[in-house]
Amino acid sequence: MLAYVGGRWIANGANRTFEVSDPASSAPLACVSALDGDETTGAIEAASTAFPKWRALLPAANSSGLP
């Protein structure tokens, strides 16, 4: 399974996933990629780098990529 990190799709090294559930109903919502420690660190660093630019956008622009 792939994870979107730093503007690109990456495959996790162990090819593991986990299920995310709705906290209100416990219904399954999605199956997502389970990143290892190094992959998670890379994702955190990419998010930290992207955050200042994202934060400066108006709310309508921030939400434009959401479904």
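This is a short tour of the structure above, one selection at a time.

**Before you click.** You're looking at a predicted model, where local features need pLDDT of at least 70 and side-chain atom pairs count only at pLDDT 80 or more, while totals for chains, interfaces and linings use all residues. Residues are numbered from 1 along each chain as its sequence is written, and side-chain values use heavy atoms, with hydrogens and water left out.

**Stop 1: the whole chain.** Select everything and colour by pLDDT, the predictor's confidence in each residue, from 0 to 100. The mean for the protein chain is 89, with 96% of its residues at 70 or more. Now switch to cartoon view: you'll find two helices and four strands, in the order β-β-β-β-α-α along the sequence. The radius of gyration is 14 Å, well over the 11 Å that the globule rule gives for 67 residues, so the chain is more spread out than a compact globule. (That radius is taken over C-alpha atoms, and the rule is 2.2 Å times the number of residues to the power 0.38; helices, H or I with at least four residues, and strands, E with at least two, are DSSP runs numbered from the N terminus.) Rotate the C-alpha trace and its principal axes span about 35 × 30 × 15 Å.

**Stop 2: the surface.** Turn on the surface, and about 5,300 Å² of the protein chain is exposed, 61% of it supplied by carbon and sulfur atoms. These areas come from the Shrake-Rupley method with a 1.4 Å probe, and for residues only the protein chains shown count as cover. Buried residues make up 10% of the 67; buried means under 20% relative accessible area, exposed over 50%, and partly exposed in between (1.4 Å probe, protein chains only).

**Stop 3: two confidence extremes.** Pick residues 17-21, strand E3, which has the highest mean pLDDT among the elements, 95. Then jump to residues 59-62: helix H2 has the lowest, 75. Where pLDDT is low, don't read the predicted coordinates in detail.

**Stop 4: two loops with a twist.** Select asparagine 15, in the loop between strand E2 (8-11) and E3. Asparagine 15 isn't a glycine, yet its phi is positive, about 55°. It's exposed too, with a relative accessible area of 54%. Next, try serine 26, in the loop between E3 and strand E4 (28-33). Phi of serine 26 is near 65°, another positive value outside glycine, and serine 26 counts as exposed at 56% relative accessibility.

**Last stop: leucine 57.** Look in the loop between helix H1 (37-56) and H2. Leucine 57 is partly exposed, at 39% relative accessible area. How far is leucine 57 from asparagine 15, C-alpha to C-alpha? Draw the line: it's 34 Å, for two residues 42 apart along the chain.
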